[in-house]
Amino acid sequence: MNNDLLNILANSNKDIDNQKLMDYLSGKLSDQEKHEVEMWMVDNDFENEALEGLQQMTGNKKLEGYVDQLNKELTHYIKEKKNRREKRQINNGFWVYVAIAFILIIIVIAYVVITRIPHHQ
């Protein structure tokens, strides 16, 4: 199978080797290794659903096209999310400075007003 398939699973798990998952999909594993993957899938519902979906797809060319599309969409989504997060951080920093300036101005005005009020004894 195409190495791009490994990109989908790159950070998906730490318990099982991604190449083993790809070999499982290709039918290249021994019975013992297949059993090991199937036991792992019992404990990992999300990964199990993903692998079952990939198994239902027919034809490597079609599968590779889907994988390419998923990787492109995932990369685009991650870039957009990162850009939104960076924009939010800049705006948050601006409003923090505005709030600090506003509080300092209020403190200075309060000090001036309090010191100018004549004290009656």
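Among contacts in the protein chain between residues at least 6 apart in sequence, what percentage join residues at least 24 apart? The answer for this chain is 43%, and I should say straight away that the model we are looking at is predicted.

Let me begin with the overall fold. The protein chain has five helices and zero strands, and if you read along the sequence you meet the pattern α-α-α-α-α. Of the 121 residues in the chain, 19% are buried, while the chain as a whole exposes about 10,000 Å², of which carbon and sulfur atoms supply 57%.

Now I would like to turn to charge on the surface, beginning with the negative side. A patch of negative charge is gathered there from D43, D45, E49 and E52, and helix α4, which covers residues 45-56, gives the most to this patch, with three residues. One member of the patch, E52, has its place in helix α4. Is E52 exposed or only partly exposed? With a relative accessible area of 33%, E52 counts as partly exposed, because the partly exposed class lies between the 20% and 50% cut-offs.

The positive side comes next. Here K81, K82, R84, R85 and R88 form a positive patch on the surface, and one of these residues, R88, sits in helix α5, which runs through residues 60-116. The relative accessible area of R88 is 52%, so R88 is classed as exposed, since that word is used for values over 50%.

To close, please keep two places in mind as you turn the model: E52 in helix α4, and R88 in helix α5.

Technical notes. Residues numbered from 1 in each chain as written. Predicted model: local features only at pLDDT ≥ 70, side-chain atom pairs only at ≥ 80, totals over all residues. Heavy atoms only, no water. Helix = DSSP H or I, 4+ residues; strand = E, 2+ residues; numbered from the N terminus. Buried < 20%, exposed > 50% of the residue type's maximum accessible area, 1.4 Å probe, protein only. Contact = heavy atoms within 4.5 Å. Areas by Shrake-Rupley, 256 points an atom, 1.4 Å probe, with all protein chains shown as cover. Patch = residues over 30% accessible without salt bridge, like charges linked within 9 Å, V, L, I, M, F, W, Y side chains within 5 Å. Salt bridge = Lys/Arg side-chain N within 4 Å of Asp/Glu carboxyl O. Lys, Arg positive; Asp, Glu negative; His and termini not counted. Charge placed at Lys NZ, Arg CZ, Asp CG, Glu CD.
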